[in-house]
Amino acid sequence: MSAEPLRVEVVYSPAPRTVHRRRLELPPGSTVADAVRASGMFGDGAPADLAFSVWGRLASADQPLRDRDRVEVCRPLTVDPKEARRLRYKGKAARRGSG
């Protein structure tokens, strides 16, 4: 294992079209939780309802990181994606029928 620090990026989108990014250097052996804590985005700690991924793959808080990993902090879904699609389709159909 190298003594070189890990360079990682932590990304969080608190709302649509809003993205916060932090580039960090962490000691070898650091975990996803260490990166999120070091990012300072959440003060004392990330809310319990958030999930994490590394390069788009679901990750646990205790997953070890590798150099140049990208940690994504994921918000909970507010609407089921299938329901959102259904609602969009209904809206388009209503607009087509009124013209």
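Helices (H or I, at least four residues) and strands (E, at least two) are taken as DSSP runs and numbered from the N terminus. The structure described here is a predicted model, in which local features need pLDDT of at least 70, side-chain atom pairs count only at pLDDT 80 or more, and totals for chains, interfaces and linings use all residues. Residues are numbered from 1 along each chain as its sequence is written, and side-chain values use heavy atoms, with hydrogens and water left out.

The pairing of strand 5 was examined with the criterion that two strands pair if DSSP finds at least two bridges between them. Strand 1 (residues 6-15) runs parallel to strand 5, and four bridges connect the two. Within this pairing, Tyr12 has Val73 of strand 5 as its bridge partner. Strand 3 (residues 51-54) is also joined to strand 5 by four bridges, in this case in the antiparallel sense. Val73 in strand 5 is the bridge partner of Phe52, and Cys74 in strand 5 is that of Ala51. Burial was assigned from relative accessible area (buried under 20%, exposed over 50%, partly exposed in between; 1.4 Å probe, protein chains only). Strand 5 (residues 70-74) is largely enclosed by the rest of the structure, because four of its five residues are buried.

Strand 3 takes part in a second antiparallel pairing, with strand 4, over three bridges. Here Ser53 is placed opposite Leu58 of strand 4. The hairpin of strand 3 and strand 4 has two residues between the strands, and Trp55 in this hairpin adopts a positive phi near 55°.

Positive phi values also occur in loops. Arg17, a residue other than glycine, has a positive phi near 60° and is located in the loop between strand 1 and strand 2 (18-26). With a relative accessibility of 84%, Arg17 is classed as exposed. Arg68, likewise a residue other than glycine, has a positive phi near 70°; Arg68 is found in the loop between strand 4 (57-59) and strand 5. The relative accessibility of Arg68 is 56%, so Arg68 counts as exposed.

Charged contacts were then considered, a salt bridge being a side-chain nitrogen of Lys or Arg within 4 Å of a carboxyl oxygen of Asp or Glu. The structure contains eight salt bridges. In one of them, the side chain of Asp67 meets that of Arg7, with an N to O distance of 2.8 Å. This pair links distant parts of the chain, since Asp67 lies in the loop between strand 4 and strand 5 and Arg7 in strand 1, 60 residues apart. Both partners are partly exposed: Asp67 has 34% relative accessibility, and Arg7 has a relative accessible area of 37%. Asp67 also meets the side chain of Arg68 in a salt bridge of 4.0 Å, N to O.

In helix 2, Arg86 and Glu83 are three residues apart and therefore separated by about one helical turn. The two residues form a salt bridge in which the closest N and O atoms are 2.6 Å apart. Arg86 is partly exposed at a relative accessible area of 44%, and Glu83 is partly exposed at 31% relative accessibility. Elsewhere, Glu9, Arg21, Arg23, Arg70 and Glu72 are joined into one network by salt bridges that share partners.

A surface patch of positive charge is formed by Lys82, Arg85, Arg88, Lys92, Arg95 and Arg96. Patches are made of residues with over 30% relative accessible area and no salt bridge, like charges being joined within 9 Å and nonpolar side chains (Val, Leu, Ile, Met, Phe, Trp, Tyr) within 5 Å. One member of the patch, Lys92, belongs to helix 2 (residues 81-97). Lys92 has a relative accessible area of 48% and is partly exposed.

In helix 1 (residues 32-39), Val32 was examined. Val32 has a relative accessible area of 0% and is buried. The C-alpha atoms of Val32 and Val71 are 6.9 Å apart in space, although the two residues are 39 apart in sequence.

How values were computed. Areas by Shrake-Rupley, 256 points an atom, 1.4 Å probe, with all protein chains shown as cover. Lys, Arg positive; Asp, Glu negative; His and termini not counted. Charge placed at Lys NZ, Arg CZ, Asp CG, Glu CD.
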